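Reader: Could we go through this structure together, one element at a time?

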Amino acid sequence: MLWALRHLHALGATRPRIDSAMVDRALQRHHEWQVSFGGTEFASYLIGDTALLLLAYDLEPTEARADRIEELIRGNMHHPARELMWGAPGTLLAALFLARHTHDPRWPELFRGTARALASELRWSHEHACHYWTQDLHGQRGTFLGAVHGFVGAAAAIVRGHDLLAKDDWSEWKRCIETTVARTAAVEGEGANWRAHLLEGSGTPAAMRMQFCHGAPGFVICLAALPDRALDRLLLAGGEAIWQAGPLTKGANLCHGTGGNGYAFLKLFRRSGDVRWLTRARAFAMHGIEQCERDAARFGQMHASLWTGDLGFAIYLWNCVVAGDDFPSLDVFFAPR
């Protein structure tokens, strides 16, 4: 919520200002909450200290904050989750944002070190002839493929920072990502989608989903920054499947709602230049506005969350107005100056 308000203010979309003292108080309360039940996931990008520290550093950069972020990133390199929310792919993003934002050489090196750690933990599926990771989550082991909990979320961070890698390392990653994405796609007619996990019996049902966290929207959003066109046919087919499925019934939010799916259209508009994708994104936006108003009337209040509430959807609306495609906290973190 604090990050979303800061971001919207920096864009000129809202008036509220966020200062570092507010973030420090939130960080302290969050830390106390983790400790209260024996939590240890302080490095988690989406539910730990890392993102709050990044926000505090953006507002008031100090060496102490930078050192603590470095400590969290280093300590998270071999986290068994291997996904965006808790694992190394999330802290890989933190290193990337700092590498882009500062001239401190430790951040590119941390990015490369984390990428090497992730590469060393890849597994090979003889059945599917592609690489994958396992994710140890809540005592269960999975082989997720999607954006929040799986392979393509990690791929997104690698793709966005590919220029920080050695040429040979990026070539290996490129081959790995393209192979796994192509081998796991389910193509039917003009559409394509991806199941939640690679291997049967890995902790979740095999049913298809159509949302950012699992399914085509996450694949399109995470891979739209690829520097070559090898997967464009599949990405466009993913976009067609999202459009044919229509707006989700789970609300307007980013993680599993209409706004998150609509971001795939914004990505395809930016990548292809075809205005129909922007038109589709704006159609989803109008439907999402109705969903927000309906849910606010039903529950007596709006939902302030970035990923699962109305603030994330507000950022999506802004991007629909300006024809942008920056997905919050995945493509952009530090406020535009």
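Author: Certainly; a definition comes first: two strands pair if DSSP finds at least two bridges between them. Helices (H or I, at least four residues) and strands (E, at least two) are DSSP runs, numbered from the N terminus. This is a predicted model, in which local features need pLDDT of at least 70 and side-chain atom pairs count only at pLDDT 80 or more, while totals for chains, interfaces and linings use all residues. Residues are numbered from 1 along each chain as its sequence is written, and side-chain values use heavy atoms, with hydrogens and water left out.

Reader: How many bridges join strand 5 to strand 6, and do they run parallel or antiparallel?

Author: Strand 5 (residues 185-188) and strand 6 are antiparallel and are joined by 4 bridges. Opposite Gly191 of strand 6 stands Glu188. The hairpin of these two strands has 2 residues between them, and Gly189 there adopts a positive phi near 65°.

Reader: And the faces of strand 6, which residues cover them?

Author: Both faces of strand 6 (residues 191-194) are covered: Gly191 and Asn193 are buried on one side, and Ala192 and Trp194 on the other. Buried means under 20% relative accessible area, exposed over 50%, and partly exposed in between (1.4 Å probe, protein chains only).

Reader: Moving to the N terminus, why is helix 1 described as largely enclosed?

Author: Helix 1 (residues 2-11) is largely enclosed by the rest of the structure because 7 of its 10 residues are buried. These are Leu2, Trp3, Ala4, Leu5, Arg6, His7 and Leu8.

Reader: What do the buried residues of helix 1 pack against?

Author: They pack against helix 2 (20-36), helix 3 and helix 13 (310-322), where contact means heavy atoms within 4.5 Å. Gly12, just after helix 1, has a positive phi of about 90°.

Reader: Staying with helix 3, at what angle does it cross helix 5?

Author: The axes of helix 3 (residues 50-59) and helix 5 (residues 88-101) cross at roughly 10° and come within 10 Å. Helix 3 is therefore roughly parallel to helix 5. Helix 3 contributes Thr50, Leu54, Tyr57 and Asp58 to the contact, and helix 5 contributes Thr91, Ala94, Leu98 and His101. Axes are lines fitted to C-alpha atoms, for helices over the stretch in contact, with angles from 0 to 180 degrees between N-to-C directions. Angles under 35 degrees count as roughly parallel, over 145 as roughly antiparallel, 65 to 115 as roughly perpendicular and the rest as oblique.

Reader: Is Ala95 of helix 5 buried or exposed?

Author: Ala95 counts as buried, at 0% relative accessibility. Not counting residues up to four places away in sequence, Ala95 touches Ile73, Trp107, Leu110 and Phe111.

Reader: Now helix 7: how many of its residues are buried?

Author: In helix 7, 10 of the 10 residues are buried, so the helix is largely enclosed by the rest of the structure. Among them are Phe151, Ile158 and Arg160.

Reader: Where is Thr143 found?

Author: Thr143 sits in the loop between strand 4 (140-142) and helix 7 (151-160). With 4% relative accessibility, Thr143 counts as buried. A polar atom of its side chain lies 2.9 Å from the backbone nitrogen of Leu199.

Reader: Last one: what is Glu178 in contact with?

Author: Leaving aside neighbours within four places in sequence, Glu178 is in contact with Asp228, Ala230 and Leu231. Glu178 lies in helix 8 (residues 167-184) and counts as buried at 14% relative accessibility.

Methods
Polar contact = N/O pair within 3.5 Å; in protein donor to acceptor, adjacent residues only side chain to side chain.
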